Amino acid sequence: MEKSLKQCSMLSQIHSVFGGGEVDIRTYSPLTLAYVGDAVYEIIIRTLIVEKGQRAANTLHRHTTKLVCAQTQAKLIDAVYESLSEEEQEIYRRGKNTKLHSAAKNASLSDYRKATGFEALCGYLFLTDDAERAMQIVRQALEALQMEL
């Protein structure tokens with residue numbers, strides 16, 4: 001008998017190996033969601049870039065940093081915002097409007113806020129065991145912007 005995709009998710013495996021999973025996601029702050037979402041988005045992008053073929057590590061890094069920077073994340077969320085569900089838009093807005101505890105190094109405050117909202121959405125989707133939806137959103141955004149990996 002085959003396991004369903006949900007049963008094989010990374011989140012399910014983390015809970016299986018390390019325990020946990022009993023926390024109410026609604027208690028997480030938007031910055032906590034963004035903290036996890038940053039890693040989720042980056043692993044999606046790194047995987048896509050690595051699977052394009054063998055390249056030197058510094059080349060991989062350069063390609064990755066172009067796609068995981070705040071400016072690009074702001075463009076990605078702008079490209080797909082209208083297609084998000086009301087719940088997803090609310091999670092994004094909570095992340096975008098949260099009080100930031102750090103300053104953007106290489107981005108405008110507007111882009112940094114949008115990127116934080118985007119990461120919060122990715123984190124929320126991962127922690128609700130819907131990483132598949134996060135990947136759909138990233139794919140839709142990359143396609144809408146015709147971005148090369």
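**Figure 1. The sulfur of Cys 122 has no bonding partner within reach.** The closest cysteine sulfur, in Cys 69, lies 14 Å away, which is too far for a bond. The model shown here, and in every view below, is a predicted one. A disulfide is a covalent bond between the sulfur atoms of two cysteines. The rule used here asks for a pair of cysteine sulfur atoms within 2.5 Å. By that rule, the count of disulfides is 0. Cys 69 is therefore in no disulfide, its nearest cysteine sulfur being that of Cys 122 at 14 Å. How buried or exposed are these two cysteines? Cys 122 is buried, at 2% relative accessible area. Cys 69 counts as partly exposed, at 24% relative accessibility.

**Figure 2. The whole chain is built from helices, with 0 strands.** The protein chain has 7 helices. In sequence order the pattern reads α-α-α-α-α-α-α. How compact is the chain? Its radius of gyration is 16 Å, and the globule rule gives 15 Å for 149 residues, so the chain is as compact as a globular protein of that length. The C-alpha trace spans about 45 × 40 × 30 Å along its principal axes. Take the contacts with a separation of 6 or more: 69% of them join residues 24 or more positions apart.

**Figure 3. Surface and charge of the protein chain.** Of the 149 residues, 35% count as buried. The accessible surface comes to about 9400 Å². Carbon and sulfur atoms supply 52% of that area. The chain carries 18 positive and 19 negative charges. How far apart are the mean positions of the two sets? They are separated by 7 Å.

**Figure 4. Gln 73 is a buried residue of helix α4.** Helix α4 covers residues 70–80, and Gln 73 is part of it. The relative accessibility of Gln 73 is 1%, so this residue counts as buried. Which residues does Gln 73 touch, leaving out those up to four places away in sequence? They are Tyr 41, Leu 67, Val 68, Ala 115, Phe 118 and Glu 119.

**Figure 5. Asp 129 and Gln 146 both have a positive phi.** Most residues other than glycine have a negative phi. Asp 129 is not a glycine, yet its phi is positive, about 60°. Where is Asp 129? It sits in the loop between α6 (109–127) and α7 (131–144). Gln 146 is not a glycine either, and its phi is positive, about 50°. Gln 146 lies in the segment after α7. It counts as exposed, with a relative accessibility of 68%.

**Figure 6. Thr 59 is a buried residue of helix α3.** Helix α3 runs over residues 57–68, and Thr 59 is found there. Is Thr 59 buried or exposed? With a relative accessible area of 18%, Thr 59 is buried. Buried here means under 20%. A C-alpha pair is also shown: Thr 59 and Ile 49. The two are 10 residues apart in sequence and 10.0 Å apart in space.

**Figure 7. Leu 109 is an exposed residue of helix α6.** Leu 109 has its place in helix α6. Its relative accessible area is 52%, so Leu 109 is exposed. The cut-off for exposed is over 50%. How far is Leu 109 from Ala 70, C-alpha to C-alpha? The distance in space is 9.5 Å, with their positions 39 residues apart in sequence counted as separation.

Notes:
Residues are numbered from 1 along each chain as its sequence is written. This is a predicted model: local features need pLDDT of at least 70, side-chain atom pairs count only at pLDDT 80 or more; totals for chains, interfaces and linings use all residues. Side-chain values use heavy atoms; hydrogens and water are left out. Buried means under 20% relative accessible area, exposed over 50%, partly exposed in between (1.4 Å probe, protein chains only). Helices (H or I, at least four residues) and strands (E, at least two) are DSSP runs, numbered from the N terminus. The radius of gyration is taken over C-alpha atoms; the globule rule is 2.2 Å times the number of residues to the power 0.38. Contact means heavy atoms within 4.5 Å. Accessible areas come from the Shrake-Rupley method with a 1.4 Å probe; for residues, only the protein chains shown count as cover. Lys and Arg count as positive and Asp and Glu as negative; His and the chain ends are not counted. The place of a charge is taken as NZ of Lys, CZ of Arg, CG of Asp or CD of Glu.
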